[in-house]
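Me: I've got this one open on my screen and I'd like to talk it through. Can you walk me through the fold, starting with the overall layout?

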Amino acid sequence: MAISTKSHPPIICCFRAAASLCDNSLPPAGTTHRTLWNERRKRWEVYPLVLTTLREQCPPSMPVVVRGAYLPEDTLGQCIRRQHRYVVLLSYRMKEQQAIDTLLHEWAHALAWNYAIEELGKRDDLDEDEFQRLAHDEVWGCSFSRVYRAYRELCAVM
């Protein structure tokens, strides 16, 4: 059996929304997007608790790294599978509740990631809309339910 040496880009599941939901103002001159993300996150009270809760109650098969990033205006978040971890990118433009909602969505992708998603991402004939539809299947729905229940339980005790 021949083994393909063709490399594929990382498989990315995106969470898209209307750009009007975000703060689309440009960061001050000389400020990086990462700095802006870190400054906003310092003021958030619930987000760190949600992230800790997800790490403890809904651990995926590999560690998850969460970062703020400059993403297209219609993209709030992405989940990318790397060799030994998942990387969740959240748009630096979001307010706290938007970041929490997007984190829950992307965390469910990390939980639901499976061989089928890997194989879908390698297909050259699959368009983006079809991939997104298949990436939000019943397995993802069950994972999102688990993540959302952990979040609601956290909210109940706060």
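Me: How many helices and strands does the chain have?
Reply: Keep in mind that this is a predicted model. Read along the sequence, the elements come in the order β-α-α-β-β-β-α-α-α-α. That makes 6 helices and 4 strands.

Me: What share of the residues in the chain counts as buried?
Reply: The cut-off to keep in mind is that buried means under 20% relative accessible area. Of the 158 residues in the chain, the share that passes is 42%.

Me: And which helix gives the largest share of the largest nonpolar core?
Reply: That core has 38 residues, and Tyr-47, Val-66, Leu-103 and Trp-107 have the most contacts inside it. The largest share, 9 residues, comes from helix 3.
There's also a second, separate core of 5 residues, with Ala-69, Ile-80, Val-87 and Leu-89 among them. In general, nonpolar side chains in soluble globular proteins tend to be buried together. But for the largest core, the name you want is helix 3.

Me: Is helix 3 largely enclosed or not, and how many of its residues are buried?
Reply: Helix 3 covers residues 96-112 and reaches 24 Å from its first C-alpha to its last, close to the 24 Å expected. It is largely enclosed by the rest of the structure, because the buried count among its 17 residues is 15.

Me: Which valines does Trp-107 contact, leaving aside neighbours within four places in sequence?
Reply: Its partners include Leu-51, Leu-54, Arg-55, Cys-58 and Pro-60. The valines on the list are Val-64, Val-66 and Val-147.

Me: How are helix 2 and helix 6 set relative to each other?
Reply: The axes of helix 2 (residues 47-57) and helix 6 (residues 138-157) come within 10 Å and cross at roughly 125 degrees. On the helix 2 side, Leu-49, Val-50, Thr-53, Leu-54 and Gln-57 meet residues of helix 6 including Arg-146, Val-147 and Tyr-151. The crossing is right-handed. An angle of 65 to 115 degrees would count as roughly perpendicular and one over 145 as roughly antiparallel, so helix 2 and helix 6 are oblique.

Me: Is Thr-75 buried or exposed?
Reply: Thr-75 sits in strand 3, residues 75-81. Ser-91 is 16 residues away in sequence, yet the two C-alpha atoms are 7.2 Å apart. Buried means under 20% relative accessible area, and Thr-75 is at 1%, so it counts as buried.

Technical notes. Residues numbered from 1 in each chain as written. Predicted model: local features only at pLDDT ≥ 70, side-chain atom pairs only at ≥ 80, totals over all residues. Heavy atoms only, no water. Helix = DSSP H or I, 4+ residues; strand = E, 2+ residues; numbered from the N terminus. Buried < 20%, exposed > 50% of the residue type's maximum accessible area, 1.4 Å probe, protein only. Expected span 1.5 Å × (residues − 1). Core = buried A, V, L, I, M, F, W, Y, C linked by side-chain atoms within 4.5 Å. Contact = heavy atoms within 4.5 Å. Axes fitted to C-alpha atoms, helices over the stretch in contact; angles between N-to-C directions. Parallel < 35°, antiparallel > 145°, perpendicular 65-115°, else oblique. Left-handed = near helix turned anticlockwise from the far one by under 90°.
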